[in-house]
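Q: Please take a close look at one part of this model. I am new to it, so walk me through that part and its surroundings step by step.

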Amino acid sequence: MKTLIKNVNIVTRDKIIENGYCLIENDLISYVGNERVVCDTEIDGNGSYLMPGFIDIHCHGGDSFDFMDATPEQIAHIADFHLSHGTTTMLATTLADAPDATKQSIENFGKYEKNYPNSSLAGLHLEGPWFSAEQCGAQPTEYFRDPSASELEKLKEEHPYILRVSAAPELDGAMEFGNKGKELGVVVSAAHTDADFATIEKASQNGYTLMTHLYSGMKGVTRKNAYRIAGAVEAGLYFDNIFVEIIADGKHLPIELLKFIYKFKGADRICLVTDASRACGMPEGTESFIGSLDHGTPIIVEDGVAKLPDRTAFGGSVATFDRLVRTMAEAIGDDPVALAKMASTTPAEVMGFDDRGEIATDKRADLIIVDKHYNVQKVIFNGELIG
């Protein structure tokens with residue numbers, strides 16, 4: 001089957017092809033350009049943008065379900081919910097919890113993977129429990145522990161779909177943990193960390209390639225007596241060999257900080273992430289939980305974000321990926337190429353997904369058609385029009 005997407009402005013890695021054509025053969029892109037080619041069926045883009053599908057490497061759930069306690073069927077529901085908002089590749093993300101609960105969550109994903117082989121979920125991201133209590137955020141500190149290289153090796157051996165882990169690099173064993181992740185092909189990210197600049201620099205030389213939700217759950221500049229000490233935030237901005245995640249919902253990071261981060265890192269080093277909780281998609285005033293219903297942290301949806309009940313801190317995100325792109329466009333201006341990099345190309349590079357993340361021949365036909373305001377109009381997943 002040859003499907004031609006016509007009448008679209010195609011956002012490639014380095015330019016926009018106006019009034020372009022994109023041919024899909026089965027589940028791969030076989031042509032991108034300005035010439036009409038032979039096809040079996042057509043999709044009219046009506047003059048909108050054709051972008052690569054969004055790649056979310058940090059998502060906890062959505063539409064009332066969380067990966068910590070979701071059944072395989074509920075995991076499928078989460079994937080479909082985010083697919084409708086343009087996310088064609090996603091990492092299911094856990095958080096710190098009781099060992100038995102975490103084990104069950106990991107195993108449920110394994111069952112899901114067997115039953116849903118053509119899923120948008122590419123694998124698992126374990127966000128903890130290897131964190132600093134000083135930077136816990138909304139995560140429960142009673143389950144925190146030091147990272148262990150041998151534990152990571154065992155986890156990866158038993159569950160090969162674990163593709164990414166987050167840990168605080170200042171903890172005992174953290175550097176060995178980072179190097180073991182690199183050896184195993186697991187992306188290791190600094191997160192919920194009280195590390196200073198020098199420790200993050202050392203981590204970047206020992207397997208850590210990413211900063212989990214920059215600014216959230218990490219230390220910035222502090223003072224010791226009369227002296228200022230640069231923190232993890234400054235290191236993430238400074239080092240070119242470190243990629244950064246940002247929750248670009250306009251709440252976790254206001255427009256001013258989004259501008260600031262973009263000026264430092266640029267689209268080639270930024271990954272937009274939702275960090276969405278089960279409350280994503282739920283109306284204002286919804287009371288819910290981060291993590292499992294049994295062990296999770298209570299939250300309330302208010303002002304377009306999740307908050308702890310006492311309103312002293314945020315409690316996770318309720319943003320879908322299309323909202324991130326619209327907010328980032330407000331911050332940096334209408335630059336579809338840069339937005340597509342942060343939403344697709346750069347996350348694909350971070351995770352080593354070399355078969356997707358851009359519109360080019362022989363790449364996966366995971367595509368979205370969006371209007372000029374980046375509202376999702378059509379989703380093409382594995383070469384098939386969804387919905």
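A: What follows is a look at helix H8 and the sheet it packs on.

The model is predicted. Start with the helix itself. H8 covers residues 321-332, twelve in total. From its first C-alpha to its last, H8 reaches 17 Å, close to the 16 Å expected at 1.5 Å a residue. Gly333 comes after the helix, and its phi is positive, near 100°.

Which residues of H8 are buried? They are Phe321, Asp322, Leu324, Val325, Thr327, Met328, Ala329 and Ala331. Look at how they are spaced. An α-helix has 3.6 residues a turn, so residues three or four places apart point the same way. Four residues of the helix, Phe321, Leu324, Val325 and Met328, touch Leu272.

Now the sheet. It is open and has eight strands, in the order E6-E9-E10-E11-E12-E13-E16-E17. The pairing is parallel. E6 (54-59) and E17 (270-272) stand at the edges. Each has a single partner strand, so one side of each is left without a neighbour in the sheet. On average, neighbouring strands are turned by 25° against each other, direction ignored.

Take one pair from within this sheet. Strand E12 (residues 187-190) runs parallel to strand E13 (residues 208-211), and three bridges join them. One match to find is Ala190, whose bridge partner in E13 is Met211.

Where does H8 sit on this sheet? The helix touches E6, E9, strand E16 (243-246) and E17. Its direction makes about 105° with that of E6. Another helix, H1 (residues 72-83), lies across E6, strand E9 (87-94) and strand E10 (121-130). H1 runs at about 135° to E9.

Next, zoom in on Leu272, in the residue range of edge strand E17. Beyond the four helix residues, Leu272 touches Ile55, Ile246, Ala248, Met342 and Ala343. That list leaves out residues up to four places away in sequence. Ile55 falls in the range of E6, the other edge strand.

Leu272 also belongs to a wider group. In soluble globular proteins, nonpolar side chains tend to be buried together. Here, the largest nonpolar core has 77 residues. Leu272 is among those with the most contacts inside this core, along with Leu121, Val165, Met211 and Ile246. Two of these names have come up already: Met211 is the bridge partner of Ala190, and Ile246 touches Leu272.

Terms used. Residues are numbered from 1 along each chain as its sequence is written. This is a predicted model: local features need pLDDT of at least 70, side-chain atom pairs count only at pLDDT 80 or more; totals for chains, interfaces and linings use all residues. Side-chain values use heavy atoms; hydrogens and water are left out. A nonpolar core is a set of buried Ala, Val, Leu, Ile, Met, Phe, Trp, Tyr and Cys residues joined through side-chain atoms within 4.5 Å. Buried means under 20% relative accessible area, exposed over 50%, partly exposed in between (1.4 Å probe, protein chains only). Contact means heavy atoms within 4.5 Å. Helices (H or I, at least four residues) and strands (E, at least two) are DSSP runs, numbered from the N terminus. The expected span of a helix is 1.5 Å times one less than its number of residues. Two strands pair if DSSP finds at least two bridges between them. Axes are lines fitted to C-alpha atoms, for helices over the stretch in contact, and angles run from 0 to 180 degrees between N-to-C directions.
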